[in-house]
Amino acid sequence: MTMVLGDLLAMIRQDYLDTLRAVAYEAAAQGQTVVLEPQATPAEPALGVVAWHDLARQGKAVTVTSEGVFAFPNRIRFGWGDPLPGQPEPLQVVVQPFAWDAMPITLQTPRGQVLNLTPLAQWLAQWGAEPDSAAQAEDVFGREVVHSLRQTGPATWVADLGTAPLEAWQDLLEALLAAGASQAIFGAPQG
């Protein structure tokens, strides 16, 4: 990740965390019981991994959405990782505006190849797992987990990166490369 992309991702993540914090604090100030990031039921169907809600208020799951899509003027394009056997180049990555809690992902594979879902399930299991509370930094809000990764079409997904750190996004690139993707477009096309 370049410094510019890292800074941009940090701002997109912070926008979501600020919104989550505000909703949680407002509910608590009203005397409501708030539980951050309770486990969702059922698990992610396509990947068979646990998913998380943003928060529960008075025992009911609440979805918190960022204030809006974090806009930036130009698409960011770069190659990621070493090419897999049979692929002429590294994973081609395009980053367009997106929200941390609803990041569209459009994938392409080399002609005739099918995406291997195992690396994506492993990524989600790693970043969506219940963390060891002793390993968390005291100044981090939430559990630092990815909330979900849902397949929305044959080549499209939506990731809710939840409170996961920037390293989870970078690890997702590695998982997509291992899954056999040749191109990953993050975000929605600019209008």
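Two strands are taken to pair if DSSP finds at least two bridges between them. Strands themselves are DSSP runs (E, at least two residues), as are helices (H or I, at least four residues), and both are numbered from the N terminus. The model is a predicted one, so local features need pLDDT of at least 70 and side-chain atom pairs count only at pLDDT 80 or more, while totals for chains, interfaces and linings use all residues. Residues are numbered from 1 along each chain as its sequence is written, and side-chain values use heavy atoms, with hydrogens and water left out.

On these terms, the protein chain holds three helices and 11 strands. Read from the N terminus, the order of elements is α-β-β-β-β-β-β-β-β-α-β-β-α-β. The chain has 191 residues, and 43% of them count as buried (under 20% relative accessible area, with exposed meaning over 50% and partly exposed in between; 1.4 Å probe, protein chains only). About 9700 Å² of the protein chain is exposed, with carbon and sulfur atoms supplying 53% of that area; accessible areas come from the Shrake-Rupley method with a 1.4 Å probe, and for residues only the protein chains shown count as cover. As for contacts (heavy atoms within 4.5 Å), 68% of those between residues at least 6 apart in sequence join residues at least 24 apart.

Strand β10 makes a good starting point. It covers residues 156–160, and four of its five residues are buried, so the strand is largely enclosed by the rest of the structure. Strand β8 (residues 103–108) runs antiparallel to β10 and is joined to it by four bridges. Strand β9 (residues 148–153) is antiparallel to β10 too, with five bridges between them. Trp157 turns up in both pairings: it is the bridge partner of Ile105 and also of Gln151. With two residues between them, β9 and β10 form a hairpin.

Arg150 belongs to strand β9 and, at 40% relative accessibility, counts as partly exposed. Its C-alpha lies 9.7 Å from that of Pro104, though the two residues are 46 apart in sequence. Arg150 also matters for the account of Asp54, a residue in the loop between β3 (49–52) and β4 (55–57). Asp54 is buried yet has no salt bridge, and Arg150, the nearest side chain of opposite charge, is 10 Å away. For charge, Lys and Arg count as positive and Asp and Glu as negative, with His and the chain ends not counted; a salt bridge requires a side-chain nitrogen of Lys or Arg within 4 Å of a carboxyl oxygen of Asp or Glu.

What Asp54 does have is a pair of side-chain polar contacts, one of 2.4 Å with Tyr16 and one of 3.1 Å with His147. A polar contact here is a pair of N or O atoms within 3.5 Å; within protein, one must be able to donate a hydrogen and the other to accept it, and residues adjacent in sequence count only if both atoms are side-chain atoms. Leaving aside neighbours within four places in sequence, the contacts of Asp54 include Leu20, Leu36, Glu37, Val62 and Asp160.

Glu37, one of those contacts of Asp54, sits in the loop between β1 (34–36) and β2 (39–44). Its relative accessibility is 1%, so Glu37 counts as buried. The backbone is worth a look as well: Glu37 has a positive phi of about 50 degrees although it is not a glycine. Gln58, in the loop between β4 and β5 (60–62), is another non-glycine with a positive phi, about 55 degrees in this case. Most residues other than glycine have a negative phi. Lys60 lies in strand β5 and is exposed, at 62% relative accessibility.

A search of the whole structure finds two salt bridges. Arg13 forms one with Glu144, the closest N and O atoms being 4.0 Å apart. This pair links distant parts of the chain, with Arg13 in helix α1 (residues 3–29) and Glu144 in the loop between α2 (118–127) and β9, 131 residues apart. Arg13 is buried at 14% relative accessible area, whereas Glu144 is partly exposed at 24%. The other salt bridge joins Arg21 to Asp18, with 3.4 Å between the closest N and O atoms. Both residues lie in helix α1, three residues apart, or about one turn of the helix. Arg21 is partly exposed at 22%, and so is Asp18 at 41%.
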